[in-house]
Amino acid sequence: EDCNVSQIRGSIFFIVMSIWGTGKIENINVNPLAVLPSLSRALGKDVYIIANEVAIAIRRIIVSTYDTNNELTIEWEIIFEIMTKLRTFIMNEYVEANTETYKDIIADIIELITKYYIPG
């Protein structure tokens, strides 16, 4: 079980960083719609550390997508679905040394949504 959790967490980190991170692989051109459903499914594990990695990924995707295109071209419906799932973890107080708290990450995402979301 722990190995599976570590593999899921590592996979989320690797995919997101390869597409939207500082270690971006330039030849990979992936639409967030291809990745977001998998991030949503990963939350089915109901494991805090996976939820934390997904929250970091969502924040990075929103920021990177906006910065790259000067407009936000992602599917908000799946972002809102993921945020609904992430909300179940907000009451957890797990904080690892030298990392942001989960609540801070969620607050950042809400601020980004407030800034970039335009109902259509």
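**Group meeting: a five-helix chain and its side-chain pairs**

Being four residues apart in helix α4, which spans residues 76-86, Glu-81 and Lys-85 are separated by about one helical turn. I begin with these two residues, and I should say at once that the model before you is a predicted one. The side chains of Glu-81 and Lys-85 meet in a salt bridge, with 3.8 Å from N to O. Glu-81 counts as partly exposed, at 36% relative accessibility, and Lys-85 is likewise placed in the partly exposed class, at 32%.

Allow me now to describe the chain as a whole. Its secondary structure comes to five helices and zero strands, so that, read from the N terminus on, the elements run α-α-α-α-α. The chain has 120 residues, and buried residues make up 39% of them. The chain exposes about 7,300 Å², and carbon and sulfur atoms supply 52% of that area. As for contacts between residues at least 6 apart in sequence, 67% of them join residues at least 24 apart.

I return to the salt bridges. How many does a search of the whole structure find? The search finds three. Besides the pair in helix α4, there is one between the side chains of Arg-9 and Glu-53, at 3.1 Å from N to O. This pair links distant parts of the chain: Arg-9 belongs to helix α1, residues 2-20, and Glu-53 to helix α3, residues 48-69, with their positions 44 residues apart. Is Glu-53 buried or exposed? Glu-53 counts as buried, because its relative accessibility is 8% and the limit for that class is under 20%. Its partner Arg-9, at 31%, counts as partly exposed. Leaving out residues up to four places away in sequence, Glu-53 touches Arg-9, Ile-12 and Phe-13.

The remaining salt bridge joins Asp-108 and Arg-59, whose closest N and O atoms are 2.8 Å apart. Asp-108 lies in helix α5, residues 102-116, and Arg-59 in helix α3, so this pair ties together parts that are 49 residues apart in sequence. Asp-108 is partly exposed, with a relative accessible area of 29%, whereas Arg-59 counts as buried at 17%.

I turn next to the nonpolar side chains. In soluble globular proteins, nonpolar side chains tend to be buried together. In this model, the largest nonpolar core holds 35 residues, and Leu-39, Val-54 and Leu-86 touch the most other members. Which elements give two or more residues to this core? They are α1, α2, α3, α4 and α5. The largest share, ten residues, comes from α3. Val-54 offers a useful view of the packing. If its neighbours within four places in sequence are set aside, Val-54 is in contact with Ile-12, Leu-39, Ala-42, Leu-43, Ile-82 and Leu-86.

There is also nonpolar area on the surface. Phe-14, Ile-15 and Ile-25 form a nonpolar patch there, with about 280 Å² of accessible area together. Of these residues, Ile-25 is found in the loop between α1 and α2, the latter being residues 32-42. Ile-25 is partly exposed, with a relative accessible area of 38%.

My last topic is the aromatic rings. A pair of aromatic rings is described by the distance of the centres and the angle of the planes. A search of the whole structure finds three aromatic pairs. One of them is formed by Trp-76 and Tyr-117: the arrangement is edge-to-face, with 5.4 Å centre to centre and 75° between the planes. Trp-76 is in helix α4 and Tyr-117 in the segment after α5, so this pair links parts of the chain that are 41 residues apart. Trp-76 is buried, with a relative accessible area of 10%, while Tyr-117 counts as partly exposed at 31%.

Phe-80 and Tyr-117 form another edge-to-face pair, at 5.1 Å centre to centre and 80° between the planes. Phe-80 also lies in helix α4, and its pair with Tyr-117 therefore ties together parts that are 37 residues apart in sequence. Phe-80 counts as partly exposed, at 30% relative accessibility. Ring pairs thus link Trp-76, Phe-80 and Tyr-117 into a cluster.

To close, I would direct your attention to helix α3, which holds Glu-53 and Arg-59 and supplies ten residues to the largest nonpolar core.

Key
Residues are numbered from 1 along each chain as its sequence is written. This is a predicted model: local features need pLDDT of at least 70, side-chain atom pairs count only at pLDDT 80 or more; totals for chains, interfaces and linings use all residues. Side-chain values use heavy atoms; hydrogens and water are left out. A salt bridge is a side-chain nitrogen of Lys or Arg within 4 Å of a carboxyl oxygen of Asp or Glu. Buried means under 20% relative accessible area, exposed over 50%, partly exposed in between (1.4 Å probe, protein chains only). Patches are made of residues with over 30% relative accessible area and no salt bridge: like charges are joined within 9 Å, nonpolar side chains (Val, Leu, Ile, Met, Phe, Trp, Tyr) within 5 Å. Accessible areas come from the Shrake-Rupley method with a 1.4 Å probe; for residues, only the protein chains shown count as cover. A nonpolar core is a set of buried Ala, Val, Leu, Ile, Met, Phe, Trp, Tyr and Cys residues joined through side-chain atoms within 4.5 Å. Contact means heavy atoms within 4.5 Å. Rings of Phe, Tyr and Trp (its six-membered ring) pair if their centres lie within 6.5 Å; planes under 30 degrees apart count as stacked, over 60 as edge-to-face and the rest as tilted.
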